[in-house]
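Here's a quick briefing to read with the structure open beside you. Rotate the model as you go and try to find each spot for yourself.

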Amino acid sequence: MKIRAWGLLAVASLVSVPLLARWRGGEDAKPVIVEQVQSRQIQASILTSGTLVYEHQALLSPEVIGRVRQVLVHEGDRVEKGQILLQLDDETLKAEVQQHLAVVAQQRTAVERQRVELASARRQARRMDQLFEARLIDARMHEQELQNAQVADIGLRAAQEQLRQSVAQLHQAQQRQAKATVRAPMSGVVVALAIKEGETAVPSASGIAGSSLLTIADPSTLITEVNVDEADIPRVQVGQQAAVFAAGNPDTAVRAQVVHIALTPRTPAPGMPANGRNYTVRLRFNPDTQLTLRPGMSCRAEIYTHTASDALAVPLQAVLSSNSETTDPAAEGAGQSYVYVVEDNRAVRRTVVPGLSDDRYQQIRSGLRPTDRIVVGPYRELRHLRAGDSLRAGTESLQ
């Protein structure tokens, strides 16, 4: 009987020991993802969006109405400042100039006639002075001749003023005629041609047909204009680096730099809601940009406001806060941040001081060592984790 009892006890011990081991460190151990703290470069950034535009461009609109007689350039042509781009029909304007030329000539003749009359009136007044001194004429006749001389002088000044007015009108007509010949205001490339031969150019600011002729731009001045929210604009400074992702190459970052920050907020377009205020920030691409970028492309941009090199960093989801939803009774102190460090396969709560962060990692200013291994997920386990919990650590994602 003793031998049988000892045998049953031995069998029970062989079964209970593995079960106890599984209970203590197997089935009760929480499956978590563990990473070692590493030194990284953390770049705090602002995410925004905008469009690609030319910094130097000129949108040409007609200044006089007229039918387009000849277009001398094509889209994509390179032009020089002062080069003739297109010619409007200017026959009516030429006739107007000729009319004003005739009026000017007529006014010059009138001025010469008034000069002759003034000279004659002055000679007659001098003769009357002599006769009046010799008492050969009375005072009334003498005053009449003096008045005639004064009237002739006034008539000459009036004719001269009319001549100046006619000359000014002639200059205006000549300028209108010159505006029928559209010249390039700057050197660059014709990036848009909005009118054809035979169409009518109409000076207007309302965007009707014919109110736009063509657009000239300097392709080397392609920049990005992005809209930054008023809450983020104080962190943006000229000279900061940025990464631009154009719609044509959404996975390729193009390096750029902040070159201008608007002093006043952007005015919303008519009919658009005015919720919040945005400021326009210009980003200039680095000279070594190789991608083919075109104006009008939409883009997103990441402006790097602060950078921390060789900073101890952990994944964002690993940093918990005493204000967040947690079941750990040790998570006390409003606003405290902490992580769970793995020691002897158990969770140890460690208070940390966070620093900069990017879209993936959080800088830890104090509270961790480079040799520490921390729990980074999954969140369904992390949010219910408590100090002292047994862990079954892995490095691959747990679904």
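Let's start at Asp344, which counts as exposed because its relative accessibility is 76%, and over 50% is what exposed takes. Keep in mind that you're looking at a predicted model. From Asp344 we'll move on to another unusual backbone spot, then the whole chain, two sheets, a helix residue and a pocket.

**Backbone oddities**

- Asp344 sits in the loop between strand 17 (337–343) and strand 18 (346–357).
- Asp344 isn't a glycine, yet its phi is positive, at about 55°.
- Asp310 is another non-glycine residue with a positive phi, this one near 50°.
- You'll find Asp310 in strand 15, which covers residues 298–315.
- Is Asp310 buried or exposed? Asp310 counts as exposed, because its relative accessibility is 67%.
- For something else to hunt down, look at the peptide bond between Gly377 and Pro378: this bond is cis, with omega at about -10°.
- Pro378 belongs to the loop that links strand 20 (373–377) to helix 4 (379–382).

**The chain as a whole**

- The protein chain contains four helices and 21 strands.
- Out of its 399 residues, 34% count as buried.
- Take the contacts in the chain with a separation of 6 or more: 73% of them come from residues 24 or more positions apart.
- The accessible surface of the chain adds up to about 24400 Å², and carbon and sulfur atoms hold 50% of that.

**An open sheet with the order 7-6-4-9**

- This sheet has four strands, and its pairing is antiparallel.
- Which strands are at its edges? Strand 7 (181–183) and strand 9 (200–201) are the edge strands, each pairing on one side only.
- Strand 4 (residues 66–71) and strand 9 run antiparallel and are joined by two bridges.
- To spot one of the partners, go to Gly66 and look across to Ala201 in strand 9.

**An open sheet with the order 3-10-8-5**

- Here, too, you'll see four strands with antiparallel pairing.
- Strand 3 (57–60) and strand 5 (78–79) form the edges, and each one pairs on one side only.
- Strand 8 (residues 188–193) and strand 10 (residues 214–217) run antiparallel, with four bridges between them.
- Val189 has Ala217, in strand 10, as its bridge partner.

**A buried glutamine**

- Gln114 is part of helix 2, which takes in residues 91–133.
- Why does Gln114 count as buried? Its relative accessible area is 14%, and anything under 20% counts as buried.
- Leaving out residues up to four places away in sequence, Gln114 touches Ala152, Gly155, Leu156 and Ala159.

**The second largest pocket**

- How do you look for empty space in a protein? Rolling a probe the size of a water molecule over the atoms shows where empty space is left.
- The second largest pocket holds about 190 Å³ of space.
- Its lining is made of 13 residues, and the closest to the centre are Pro219, Ser220, Leu222, Phe285 and Asn286.
- Strand 11 (222–229) and strand 14 (278–285) each give at least two residues to the lining of this pocket.
- By type, the lining residues of the second largest pocket split into seven nonpolar, four polar and two charged.

Note on methods
Residues numbered from 1 in each chain as written. Predicted model: local features only at pLDDT ≥ 70, side-chain atom pairs only at ≥ 80, totals over all residues. Heavy atoms only, no water. 1 Å grid on protein atoms, 1.4 Å probe; cavity = no way out; pocket = protein on both sides within 12 Å on 5 of 7 lines; lining within 4 Å. Points joined across faces, edges and corners; volume = space filled by probe spheres on them. Nonpolar A, V, L, I, M, F, W, Y, C, P; charged D, E, K, R; others polar. Pairing = 2+ DSSP bridges. Buried < 20%, exposed > 50% of the residue type's maximum accessible area, 1.4 Å probe, protein only. Contact = heavy atoms within 4.5 Å. Areas by Shrake-Rupley, 256 points an atom, 1.4 Å probe, with all protein chains shown as cover.
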